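I opened this notebook to record what I looked up in one structure, entry by entry. The sequence and the coordinates come before the notes.

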Amino acid sequence: MLDKRKFYINGEWVDPIEAKDLEVLNPATEQPIAVISMGTAADIDRAVAAAKKAFATYSQTSVEERLALLEKLLSIYKRRYDEMATTITMELGAPATMAREQQADVGVGHLQGFIDALKRLKTRDRLPNGDIMLREPVGVCGLITPWNWPINQIALKVVPALATGCTCVLKPSEFTPLNAMLYAEMVHEAGFPAGVFNLVNGDGINVGAVLSRHRDIDMMSFTGSTRAGIAVSKDAAETVKRVTLELGGKSPNIVFADADLEERVAGSILECFNNSGQSCDAPTRMLVERGVYDKVVQIARRVGAEARVGDPAKEGSHIGPLVSHIQFGRVQALIEAGIAEGGKLLVGGVGKPEGFETGYFVKPTIFADVDNTMRIAREEVFGPVLAIIPFDTEEEAIRIANDTNYGLAAYVQTGDPKRAERVAARLRAGMVHINGGPHRYGSPFGGYKQSGNGREGGLFGLEDFLEVKTVHVPDAA
C-alpha cells in the first residue's frame, strides 16, 4: 500500500500538522491501495501563506517565462502519461483503455489548449477611447476538484492559474487523490517556483470550506455537485471573492425522426454509459419523436443488453465500477425510484451484475416511458442510467429539454442542419452537441442555471483567472 500522507506546500512534501489518516480504496476490489492524510485549517493556513508570498514575485513574471514552464510541464506529463492512466484506473475504476484514451489524454489536450491560448492572450490593450486596459492575475486561488474526471478538472484549474500568473492551493477529492499528487510531482519537476502551486488533501467540510472562507484567497474555482457549489458560494460571500462553478447536469438528448437512428441512438447510449455514467454532461435524458419511438426503444434495449461491465485493469470497451459505496447507494436508490414511479425497465435494474459481488459495479440500466416529472428525469443519477421520454413536436421537445434546473449540455440528433441550429439556439445549455459532435480542447466548457457559472478551457478559461484594470491616461482624448 502506498504511503501518501504528505502535502505539497511551498515547493516541498511536508507532514500534516495533525495526523489524520484515510485509506484510498480501489473501487473494483474494495481494498485499500494507499493511505493519505486529511488536512486541517492549520494546513490550509500554511499553504495559503506560501501561495500569498509567492504571488508577489510570480505575478510579475512574463508570459514568455510562464510559457516555458508550461511547455516543460507538458513534456513531463507526456513522459509519465502511462503512469497517470494507471493511477486513475486504480483509484477511480476507469477501465484501462478508457483511462489511457480519455482520462489521461485530457492532461495533454487541455494543457496544449491553454498554451495556445496564452500565446494569443492580449494582456495590454488600447481602448477606442484612448484608455489602456490591462489583464492581471486575480491573485491566490483556491481550487477544489472532483473524483469523476480528476485530472481533467485539475488541468482546467491549475493550468490557467499558473498560466496567468496566479498562485494556488489545490484540494482534490479524497476519493481520487493519487493522480493529483502525481501531478504535483510533475509541477515540481517542471520548476515552478516554491509556493506557486500547493496541494492539501482533505474533505469538503474541514478543508474545502476553510479554503472558501479564507481571507487571503482571492478566487475559488469549484467543480462538483450543485449542493456543494452553493456551499462554496455562501462560504466565499463574506469576503466577496470571485467564484467560478462547474456543477451538475441532466442533459437532454433530442432524437428527431430524420436522424440516423441506428448510429445516433447507439452512440448516445454509449456516451451516457461512458465513465460508468459518472459525467456531469452525460446525455441522460433521451427525448424521442413519437413516430420513431418504438424503433428507438428496440435499439436501446438491444444496445443496453450488449453493454458489459468488467475488470477495469483489463483492456476493452467495458464499463467499470462506480467510485465508492456512497455513490453505489445513491444510484441504487434512484433506480429503485424509477421502478416505483412507473418507468418501463428495458435493461438493468437494481443490484450488481452477475459475477461482480465485490466492487461497486452496477447494471447498465435503461428506462422507457419516462415522464419528465419522475426523479430519474430530474435528478442527476451519476451512474449508467438512461431515461427515454417521448415527444410529439419540436416545440414540445424544446420545452421538455429546458424543463430542468440544470443547463450544462444538450444534444440534438437530426438529419436537418437548419433544424439542428434552430433547436440549439433555443436550448438553455452552455454546450450543444449536434449529431455526435465532440467537445474539443480550447472550447469553453460550462453551463447555464444551476450547472454553474464561468467557463473552463482555452482563452475563456484564462480570462476567469484575470482581473481587468483600466488606466486612464491624460492624452486619451
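The entries below go from the domains to single residues and then to salt bridges.

**Entry 1: the domains**

I note at the outset that this is a predicted model, and I keep that in mind for every value below. I looked up the division of the protein chain first, and found domain 1 given as 2–247 + 451–471 and domain 2 as 252–434. I then took the centres of domain 1 and domain 2 over C-alpha atoms, and they are 31 Å apart. In the contact between them I counted 27 residues from domain 1 and 30 residues from domain 2.

**Entry 2: the interface**

How much area is buried between domain 1 and domain 2? I found about 2100 Å², with carbon and sulfur atoms giving 54% of that area. On the side of domain 1, I looked for the residues that bury the most against domain 2, and P95, W147 and S451 supply 24% of the area, more than any other three residues.

I turned next to the polar side of the interface, where the rule finds 2 salt bridges across domain 1 and domain 2. I also looked up the salt bridge between R100 and E315, whose closest N and O atoms lie 2.9 Å apart. Between the two domains I counted 13 residue pairs in polar contact, both residues being at pLDDT 80 or more.

Which elements give two or more residues to the side of domain 1 that touches domain 2? I found α3 (81–92) and α4 (96–103), and α4 gives the most, with 6 residues. Sorting the residues of this side by type, I obtained 12 nonpolar, 10 polar and 5 charged.

**Entry 3: positive phi outside glycine**

I looked for residues other than glycine with a positive phi, and noted E30, at about 65°, and N275, near 60°. E30 sits in the loop between β4 (21–26) and β5 (31–37), while N275 is in the loop between α10 (261–273) and β14 (285–289). Are these residues buried or partly exposed? I recorded E30 as partly exposed because its relative accessibility is 30%, whereas N275 counts as buried because its value is 5%.

**Entry 4: A54 and N372**

I located A54 in helix α1 (residues 41–58), and I recorded A54 as buried because its relative accessible area of 7% falls under the 20% cut-off. Leaving out residues up to four places away in sequence, I found that A54 touches T167, A194, G195 and V196. For the pair A54 and G195 I compared sequence with space: they are 141 residues apart in sequence, yet 5.2 Å apart from C-alpha to C-alpha.

I then moved to N372, which I found in the loop between β16 (365–368) and α13 (375–378) and which is buried, with a relative accessible area of 8%. What does the side chain of N372 meet in a polar contact? I found the side chain of R285, at 3.0 Å. Under the sequence limit of four places, the residues that N372 touches are R285, A377, R378, I389, I400 and D403.

**Entry 5: salt bridges**

I ran the salt-bridge rule and the count came to 28. One of them joins the side chains of D3 and R5 at 2.7 Å, N to O, and I noted R5 as partly exposed at a relative accessible area of 33%.

I looked up K52 and D216 next, whose side chains meet in a salt bridge of 3.3 Å, N to O. K52 lies in helix α1 and D216 in the loop between α8 (204–213) and β11 (219–223), so this pair ties together parts that are 164 residues apart in sequence. I recorded K52 as partly exposed at 46% relative accessibility, and D216 as partly exposed at 29%.

The last pair I looked up was R80 and E185, in a salt bridge of 3.0 Å, N to O. Because R80 lies in the loop between α2 (63–79) and α3, and E185 in helix α7 (residues 178–190), the pair ties together parts that are 105 residues apart in sequence. I noted R80 as buried at 15% relative accessibility, but E185 as partly exposed, with a relative accessible area of 25%. Following shared partners from there, I found that salt bridges join K4, R80, E83 and E185 into one network.

Notes. Residues numbered from 1 in each chain as written. Predicted model: local features only at pLDDT ≥ 70, side-chain atom pairs only at ≥ 80, totals over all residues. Heavy atoms only, no water. Domains from an automatic or database assignment. Contact = heavy atoms within 4.5 Å. Buried area = accessible area lost by both parts, 1.4 Å probe. Salt bridge = Lys/Arg side-chain N within 4 Å of Asp/Glu carboxyl O. Polar contact = N/O pair within 3.5 Å; in protein donor to acceptor, adjacent residues only side chain to side chain. Helix = DSSP H or I, 4+ residues; strand = E, 2+ residues; numbered from the N terminus. Nonpolar A, V, L, I, M, F, W, Y, C, P; charged D, E, K, R; others polar. Buried < 20%, exposed > 50% of the residue type's maximum accessible area, 1.4 Å probe, protein only.
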